[in-house]
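Q: Please take a close look at one part of this model, the aromatic residues and the pocket beside them. A connected account, with the reasoning set out, would be appreciated.

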Amino acid sequence: MNGSSAFTSLVEMKDQVFLSEQRNLINQIENLVMTIGVFFIAFVIIVSTLSIILITDLYVNQYKKFMLVLKSLGYSNLEIIKYTFGFTSVFSTMTFLIGSALSYLTIFGLVSIINKKVMSIPYGITW
């Protein structure tokens, strides 16, 4: 503060930015992003659970008569489950594995492109 005027010293001190204020602002933004992320994840879990329940109910209602016929013919519950849900279980397991592999490769590819073209982004996928 080179000036002898009180006005000059106030103007020079007014333009300072404190690191504690920046840190508090970054912490508030971080908390907001985490809250939005938690709500988004909870929403996706609820919607997927309801979708699975709905699809399962539709599938069971579709094969209810077939299950009753098998039960009346003397098949055990394990055999009925194997005949009605066998293909679906194998197919859904295969699609889950393929979808997981494709999502991992997509994320890895996008982050690699961003790291080479734009900037470095630290990431990790822990399952």
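A: **Aromatic residues and the pocket**

Phe87 and Phe91 lie four residues apart in helix H4, so about one helical turn separates the two. The model in which they appear is a predicted one. Phe87 is classed as exposed because its relative accessibility is 65%, and the cut-off for that class is over 50%. Phe91 has a relative accessible area of 46%, and is therefore partly exposed.

The chain that carries these residues has four helices and zero strands. Read along the sequence, its pattern is α-α-α-α. Of its 127 residues, 6% count as buried. Helix H2, which covers residues 19-62, is made up of 44 residues. From the first C-alpha of H2 to the last the reach is 64 Å, close to the 64 Å expected at 1.5 Å a residue. H2 is also hardly covered, as the count of buried residues among its 44 residues is one.

The aromatic pairs come next. Their count comes to six. One of them joins Tyr59 and Tyr63, whose rings lie 4.9 Å apart centre to centre with 55° between the planes, a tilted arrangement. Tyr59 has a relative accessible area of 19% and is therefore buried, the limit being under 20%. Tyr63, with a relative accessible area of 29%, is partly exposed. Phe87 and Phe91 form another aromatic pair, and this one is stacked: the distance is 5.7 Å centre to centre and the angle between the planes is 15°. Beyond single pairs, one aromatic cluster is formed by Tyr59, Tyr63, Phe66 and Phe85.

Two members of this cluster, Tyr59 and Phe85, also belong to the lining of the largest pocket. The other lining residues are Ile52, Ile55, Thr56, Thr88, Ser89 and Ser92. The elements giving two or more residues to this lining are H2 and helix H4 (77-117). By character, the lining divides into four nonpolar residues, four polar residues and no charged residues. The space in this pocket is about 170 Å³. Rolling a probe the size of a water molecule over the atoms shows where empty space is left.

Thr84 links several of these observations. Its place is in helix H4, and its relative accessible area is 4%, so Thr84 is buried. Leaving aside neighbours within four places in sequence, the contacts of Thr84 are Tyr59, Phe66 and Met67. Tyr59 and Phe66 are both members of the aromatic cluster, and Tyr59 is itself buried at 19%. Thr84 thus has contacts with the cluster through Tyr59 and Phe66, while Tyr59 also lines the largest pocket.

Notes. Residues numbered from 1 in each chain as written. Predicted model: local features only at pLDDT ≥ 70, side-chain atom pairs only at ≥ 80, totals over all residues. Heavy atoms only, no water. Expected span 1.5 Å × (residues − 1). Buried < 20%, exposed > 50% of the residue type's maximum accessible area, 1.4 Å probe, protein only. 1 Å grid on protein atoms, 1.4 Å probe; cavity = no way out; pocket = protein on both sides within 12 Å on 5 of 7 lines; lining within 4 Å. Points joined across faces, edges and corners; volume = space filled by probe spheres on them. Nonpolar A, V, L, I, M, F, W, Y, C, P; charged D, E, K, R; others polar. Contact = heavy atoms within 4.5 Å. Phe/Tyr/Trp six-rings, centres within 6.5 Å; stacked < 30°, edge-to-face > 60°.
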